[in-house]
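Work through the exercises below with the sequence and the model at hand. Each task is followed by a solution in steps.

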Amino acid sequence: MLADMTEEILRVEGLKTRFFTDEGQVNAVDGVDIAIERGDTYGIVGESGSGKSVTARSIIDLIESPGEITDGRILYRNQEFADGIRDDNPDAVDGAWVDLRGVSSSVRRSLRGSNFSMIFQDPQSSFNPTITVGEQIAEAVEVQRRASANPRSTRARSKEYTLTSLALGTILPSKRYVTPASRERAIELLELVGIPDPVERADEYPHEYSGGMLQRAMIAQALAGEPDVLVADEPTTALDVTIQAQILDLLDDLQEELGMTILLITHNLGVVARMCDRVGVMYAGEIVERGTLEDVFDDHVHPYTRGLLGSVPDLEGASDRLQPIPGNVPSLLDHEMNRRCHFADRCPKAMEACLEHPSEHSARGSDHHAARCVLTRTEYDEARALADGYFDEADRPAGDKHVGPDERDETLDEDRQHPPAETTGGEHQ
Ligand SMILES: Nc1ncnc2c1ncn2[C@@H]1O[C@H](COP(=O)(O)OP(=O)(O)OP(=O)(O)O)[C@@H](O)[C@H]1O
Ligand code: NI
């Protein structure tokens, strides 16, 4: 690999994101570290409600009230960007690295589309139903062109008005394309993502597209700004397996062609195995194990990772191998969270030591392999195992050993009677 292909492009350090809701403070992301190399695909995997989407949205500055990033750094490496804003933001810039939390929201917004772009599970949410797909992609192209005209821009697109683009503009004067050049680029992008007859399809509305085609169109829209980093949140979950495989192949090809870095969110380790270079396994707002694919698949330490591996749906279609991890993901409400290992109540290897919250330690395998689990340091010892049913009694705030008597509250017990959240499945809102 080329030297500059292995440099880090994104670093997340100690990220915490909370939602301040009527029910209390939700610790959706609770001290997450991620390092992604340029051109790599980094997977974040975990059950529903583990904080994957909130992590992704935090990175690209899409957290809205009542949510707030309360701690940590989000570092993006881009020499030209750093040079362009250094004078106004001396504290946020270090060499080619920019701490995105240290710059104004308008500077962060300027990165959207041209540096960071996002695709979601539900393409409907990315398109306005009343405007043709082509026009909307052209609009995204225009955003990039305007960013390029801006002096702090990282790339100058020197796309000229070509004869073809002018001709297209004359043939279809009724369409509200921003410029003929952007329409031409939109058609190129539709072609790039494998949409047949892109010239005709550009003039169709979102409802005229099938789910798989609209997913492709959304990818085209996300690529319009030629982003450095593409954040893909469950991009194929809603699609049937054949289309799912096609879209994953497409992302793979585009990444190779365009040299993009991808942050891929999924609850499916099968998708991770197929796409990713490195992976972070999330549980209850934390990355509980991370490393290379080999580390996570062959040398995993955390019983949660093991459990997820047991529940990998077959990408080829058979889903009868699915074996969800027994138990439920914990509440992320601050006042209901325990100080123990959050997975201990579902863990087949829970020991007394797990009643203390584990810190992260490196593990056998690559230099990148680490886990937040006592098993990084000690072998499982049956003599120290927690008795079966230990948490049936103990895992209530009032009974938890780490909650002092004066913090006990009758209403907490009542809250606990509510049915817990879905365990697996990954239905995405
Ligand atoms: N706008 C919000 N207000 C309050 N809580 C929120 C909000 N958005 C997310 N959360 C909470 O943050 C936690 C993490 O949610 P997140 O969407 O990141 O999970 P996820 O891992 O992406 O799950 P899924 O696979 O279902 O998409 C959940 O407990 C969720 O209820
Ligand atoms: Ni999600």
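**Exercise 1. Place alanine 284 and describe its backbone and burial.**

Step 1. Alanine 284 lies in the loop between β10 (278–283) and β11 (286–292); helices (H or I, at least four residues) and strands (E, at least two) are DSSP runs, numbered from the N terminus. The model is predicted, so to speak of local features requires pLDDT of at least 70, and side-chain atom pairs count only at pLDDT 80 or more, while totals for chains, interfaces and linings use all residues. Residues are numbered from 1 along each chain as its sequence is written, and chains are lettered from A and ligands numbered from 1 in the order in which they are written.

Step 2. Alanine 284 is not a glycine, yet its phi is positive, about 50 degrees.

Step 3. Alanine 284 has 23 other C-beta atoms within 10 Å and is therefore buried (buried means 20 or more other C-beta atoms within 10 Å of its own, exposed 12 or fewer, partly exposed in between, with C-beta atoms placed from the backbone).

**Exercise 2. Do the same for glutamate 226.**

Step 1. The loop between α8 and β8 (229–233) holds glutamate 226.

Step 2. Glutamate 226, also not a glycine, has a positive phi of about 45 degrees.

Step 3. Glutamate 226 counts as partly exposed because it has 18 C-beta neighbours inside 10 Å.

**Exercise 3. Find the cis peptide bond between serine 65 and proline 66 and place it.**

Step 1. Omega is near 10 degrees for the bond from serine 65 to proline 66, which is cis.

Step 2. Proline 66 belongs to the loop between α1 (52–59) and β4 (67–77).

Step 3. For background, most peptide bonds are trans, and most residues other than glycine have a negative phi.

**Exercise 4. How do α8 and α9 pack?**

Step 1. Helix α8 (residues 211–223) and helix α9 (residues 241–258) have axes 10 Å apart, at an angle of about 20 degrees (axes are lines fitted to C-alpha atoms, for helices over the stretch in contact, and angles run from 0 to 180 degrees between N-to-C directions).

Step 2. The two helices α8 and α9 are therefore roughly parallel (angles under 35 degrees count as roughly parallel, over 145 as roughly antiparallel, 65 to 115 as roughly perpendicular and the rest as oblique).

Step 3. Gly212, Gln215, Arg216, Ile219 and Leu223 of α8 make the contact with Ile243, Gln246, Ile247, Leu250 and Leu254 of α9 (contact means C-beta atoms, placed from the backbone, within 7 Å).

Note on methods
Two residues are in contact if their C-beta atoms, placed from the backbone, lie within 7 Å.
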